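Got the model open in your viewer? Let's take a short walk through it, one selection at a time.

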Amino acid sequence: MRFSIFSLLLLSYLHVTAQDSAKYLAVQTCTVSGPVFLQRPVMNDTVNIFGDKYDTKQILKTHISPAAFSRDAYAVNSDSATGFFTVRHAPDDRASLYFFNFTVTASAFAKAKLKITSPQAVEVYIDDEKATDKQSVQKSAEKALSADRSMTLEPRSYRVTVKCLIQANDSLPPAVKAVFETADSAASAKLQVAAERVKRPFTLNDVLEGERPSGIRISADGKYALLRSAVVLPKGKRNTNVKIFNLATGKSILNGEDKGWQWMPRGSRMYCTSSGSQGRTLTVVDLATMQETVVAESLPDGSFEWSPDERFLIFTVTDRAPESKDGGVHRILTPQDRQAGWRNRSFLYRYDLADGVLQPLVFGHRSAYLSAISPDARSIVFTTSRDHYTERPFSLHTVCMLRLADMKVDTLWHDIKYGGVACFSPDGKQLLLTGGPESFNNAGRSRNLNKIPNSYDTQAYIYDIDTRHVKPVTMDFNPSVDRVYWSKADHHIYFVVTDEDFVNCYRYQIKKEKFEKIALPVDVIQSLDMADDVPLAVGTGQSASYASTAFKVDLRSGKTVQLDNPMKPVMDQLELGKVEDWTFRSSGGDDIKGRVYYPYHFEKDKKRPLIVYYYGGTTPVNRMFDGRYPFHLYASMGYVVYVLQPSGTIGFGQEFSARHVNAWGERTADDIIEGVRKFCDVHPFIDRARIGCIGASYGGFMTMYLQTRTDIFAAAVAHAGISDVTSYWGEGYWGYAYNAVAAADSYPWNSRDLFVGQSPLFSADKVNTPLLLLHGAADTNVPAGESIQMFTALKILGKEVELITIDGENHHILDHDKRIRWNNSIFAWFAKWLQNDDSWWNELYPKKNY
């Protein structure tokens, strides 16, 4: 076949044009707000102190609240031929401003130049901050000039506003064209541009910002609920919002600033305290009349609990140890003495509201902690503890009942190792206890368990005060107890439990010894509270694909009603991939459960990288929507995410959780490695050459340990991980206490195979996977040295390793800006090794000639 020179030139032209057009992403829809009319100041024929005349520059600088940018906004499409947005405008003798709004969402790290073209003078704002401007005015759109801004785009949404100035008596309508120019078509494909009200990917902004219910309490009579929500604004500014709901109607009757209100033990009155020069004042408010009454003044510092009859308060007051005068040379008395405040002691006091007398209930050198107040307000149960370092769990507890009328003490348990009191029964004749399986002389230990149980697998017990008999309640119940409520309304016990990867609520019918699951509209209960007078509860929670909501539930009928859904406007915008459960049968004969997060618009015929997440440190990775490791966010970047619950996890029964004890990754790693291989076998769209893994704390240990056991991963991330079990055991604030469970009865001097053999540091030469280590420099739980020494070892071995430390941060990265940098470091590491794109990593950490 012959081609003429013209044909070749035409094909070449079309190819270049296609390539060139792929570098440009035009904004085709936006919202417009305005006009906002402006008045000229008087005496405008002179100059200001800077020598400036009142001209276009001065008019354009008119301050406008960002709230006005989208007020009464309406949607506009660009002209298909010119690319300009235009709106009708009648000439006026006043200048006016129009606001063109749109968002750009990056699905991955990208760089682009934003070009805003207009014949009018414009200012361009990105996330409500001025980015650039153009002060010149042209006579037509054809001659319009542009205001440009280079943007470095992280995977999130950016809100763009163009403030367009129309001069007085100007007949030319407002006209704006917006284009993103990128280096190539691959960069353009990472960007999605649209008006503000359309679907978009899940981004880090959605995780860090917004209003989320954080806790809810119900009045004793069940008529009202008080909901607290954490509100995080852009740039990390935080506050707490309070709403009060009428539960009969489900409507909010109060919405405002948090003043610390709490419910009284009876009815639907609230109380709060305020501080002044004479101490604290206690104020009660009647919600029906909103009348406030001061009931006590000059109260001491410290927390307190109301008596059920509202006649007195039980205070916990802290005596602070004298400041050390050792000149900076410290004698450490116990391992806990390294912690600030350990030498302080807390004691219980009774404050009588009628006569204003504050009297101590206990005295001495050991702290006393309130466990419960009896329903008749005649007795309290309190606990004291003492160190006992020669035997795990390294402390002993004494539980006492104090009769307040004559100060008679009844010692219920003396020097027990495990267990504590949760609450009284409604009739005051029994106590509901919680603790690990070994509590109360192994009363809750499963009959079929032939190994040391996992003390984090919390059980419940009923204790008869007269007979001193302890009855295990949950011994054969697989979920682990988180919180308990003994209902005064229906006399059933309600348990909030870790139930595999859910947090559920169960009702326990005492006479029938029967558990019944309460159906709730969330996968993970975050808070739950129950009324005293009626079988009604309120709660907050999340699901695998939905942010926090608040709800009420009728415990008699099971009917639930949503009370609040503050993240709904955001959730309505998001395009989320599906989540499905995936379970495999391990070679050991266990069903290892997990779940899979898919990218939105998932295509099975396209090879995808995989990220594997686990914890392994005895609690399951639950179905929270957001959090520190939001799986939908990784999926929005194109990854398939596999989350699994390996051996040693609570919520699956005592035998399964006991595998955590004296293992330090041994069986857990087998489950993870086998799970990843079997997952890839049945999911052919996974690219086996692009599998990453990530874990934190014990999960960070698992990341390091896994790399000494397998080469199936192409990239690995460990946050606050443990590289040497021995150094963590001795140096971390809670290292020895955690190992009282994870290494029960094992120590560096009698279990070298465990403390050395299972420590990744001592097998660092087996690591071949590129490893990113992250650590808060002020971490007191897992000291930063755990990552530093692994980093040093791998550097000496010539391995691919990076270490990122975060100044001022402890075990969790809480500072808003540092959290963003921390998250982005993880995203960039995976992009580098799993998506063959190192641009983001190089942007964050440019090469240095050091």
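Before the first stop, a cut-off: a residue counts as buried here if its relative accessible area is under 20%. Keep in mind, too, that this is a predicted model.

Start by selecting strand 20, residues 279-286. Is this strand enclosed or open? Of its 8 residues, 6 are buried, so strand 20 is largely enclosed by the rest of the structure.

Now add strand 19, residues 269-276. It runs antiparallel to strand 20, and 8 bridges join the two. The link between them is a hairpin with 2 residues. Show Gly276 and you'll find Gly279 of strand 20 standing opposite.

Next, bring in strand 21, residues 291-299. Strand 20 pairs with strand 21 as well, again in the antiparallel sense, over 6 bridges. For a pair to click on, try Val285, whose bridge partner in strand 21 is Glu292.

Stay with the loop between strand 20 and strand 21 and pick Met290. This hairpin has 4 residues between its strands, and Met290 takes a positive phi near 60° there. Met290 is partly exposed, at 44% relative accessible area. Add Ile253 and Leu254 to the selection: with Met290 they form a nonpolar surface patch, about 250 Å² of accessible area together.

Last stop: an open sheet of 4 strands, in the order 26-27-28-29, with antiparallel pairing. Its edges are strand 26 (368-373) and strand 29 (408-416), each pairing on one side only. On average, neighbouring strands in this sheet are turned by 20° against each other, ignoring direction. Zoom in on strand 26 and strand 27 (residues 379-387), which pair over 5 bridges. Finish on Ile373, whose bridge partner in strand 27 is Ile380.

Methods:
Residues are numbered from 1 along each chain as its sequence is written. This is a predicted model: local features need pLDDT of at least 70, side-chain atom pairs count only at pLDDT 80 or more; totals for chains, interfaces and linings use all residues. Side-chain values use heavy atoms; hydrogens and water are left out. Two strands pair if DSSP finds at least two bridges between them. Axes are lines fitted to C-alpha atoms, for helices over the stretch in contact, and angles run from 0 to 180 degrees between N-to-C directions. Patches are made of residues with over 30% relative accessible area and no salt bridge: like charges are joined within 9 Å, nonpolar side chains (Val, Leu, Ile, Met, Phe, Trp, Tyr) within 5 Å. Accessible areas come from the Shrake-Rupley method with a 1.4 Å probe; for residues, only the protein chains shown count as cover. A salt bridge is a side-chain nitrogen of Lys or Arg within 4 Å of a carboxyl oxygen of Asp or Glu. Buried means under 20% relative accessible area, exposed over 50%, partly exposed in between (1.4 Å probe, protein chains only).
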